[in-house]
Amino acid sequence: RGPLGMTVNSFSSVSLDPALVLWSPARKSARFPAFEASSHFAIHVLAADQRPLAEHFARRGDFTGIPFEPGLGDAPLLDGALTRLECLHAVHYDGGDHLIVVGEVLRITEEEHPPLLFYRGSFRTLV
């Protein structure tokens, strides 16, 4: 089936030592089974000029026509992101209609770009 992506509105830091983050995919998503079963995943904090990527992955999960490189565990990595967190799928918990996924951050890469923000239902930029 190939790599999949998903736009999410938030993720959260859980611990600094070890570095742990969490996010919560919806069980009703067609991409849910792939993320539930994955051994690794990557979280991208997108740059302001990457709005088309956020919109693409909000609608579709495929990487058709989108350049990426394989990261740890073959998780797809996008170029130009403000931050990329490569994570091991450490554990997950039932969260009702969502799954609470906790990832151990294995590698972080950062670049200097203005961030893409989503606030009150629309994309924003810092002025």
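In the predicted model, histidine 56 is buried, its relative accessible area being 11%, a value that falls under the 20% limit and therefore places this residue in the buried class. The residue belongs to helix α2, which spans residues 51-59. Leaving aside neighbours within four places in sequence, the contacts of histidine 56 are with Asp62 and Ile66. With regard to aspartate 62, a polar atom of the side chain of histidine 56 lies 2.7 Å from the backbone oxygen of that residue.

Helix α2 also takes part in the lining of pockets. The largest pocket has a volume of about 990 Å³, and 36 residues line this pocket, with Met6, Thr7, Val8, Ala42 and His44 being the closest to its centre. Two or more residues of the lining are given by each of α1 (32-37), β3 (40-45), α2 and β8 (117-119), and the largest share, 6 residues, comes from β3. Divided by class, the lining of the largest pocket holds 25 nonpolar and 10 polar residues, together with 1 charged residue.

The second largest pocket, for which the computed volume is about 260 Å³, is lined by 18 residues, and those closest to its centre are Met6, Thr7, Val8, Ser24 and Ala26. Met6, Thr7 and Val8 are thus listed among the residues closest to the centre for the largest pocket as well as for the second largest pocket. The elements that give two or more residues to the lining of the second largest pocket are β2 (19-23) and α2, and α2 is likewise one of the elements that do so for the largest pocket. By class, the lining of the second largest pocket comprises 9 nonpolar, 7 polar and 2 charged residues.

Strand β2, which contributes to the lining of the second largest pocket, pairs with strand β1 (residues 12-16) in the antiparallel sense over 4 bridges, and the two strands form a hairpin in which 2 residues lie between them. Within this pairing, serine 13 has valine 21 of β2 as its bridge partner. Strand β2 is also paired in the antiparallel sense, over 4 bridges, with strand β7, which covers residues 98-110, and here the bridge partner of leucine 22 is valine 102 in β7. Strand β2 accordingly has pairings with both β1 and β7.

How values were computed:
Residues numbered from 1 in each chain as written. Predicted model: local features only at pLDDT ≥ 70, side-chain atom pairs only at ≥ 80, totals over all residues. Heavy atoms only, no water. Buried < 20%, exposed > 50% of the residue type's maximum accessible area, 1.4 Å probe, protein only. Polar contact = N/O pair within 3.5 Å; in protein donor to acceptor, adjacent residues only side chain to side chain. Contact = heavy atoms within 4.5 Å. 1 Å grid on protein atoms, 1.4 Å probe; cavity = no way out; pocket = protein on both sides within 12 Å on 5 of 7 lines; lining within 4 Å. Points joined across faces, edges and corners; volume = space filled by probe spheres on them. Nonpolar A, V, L, I, M, F, W, Y, C, P; charged D, E, K, R; others polar. Pairing = 2+ DSSP bridges.
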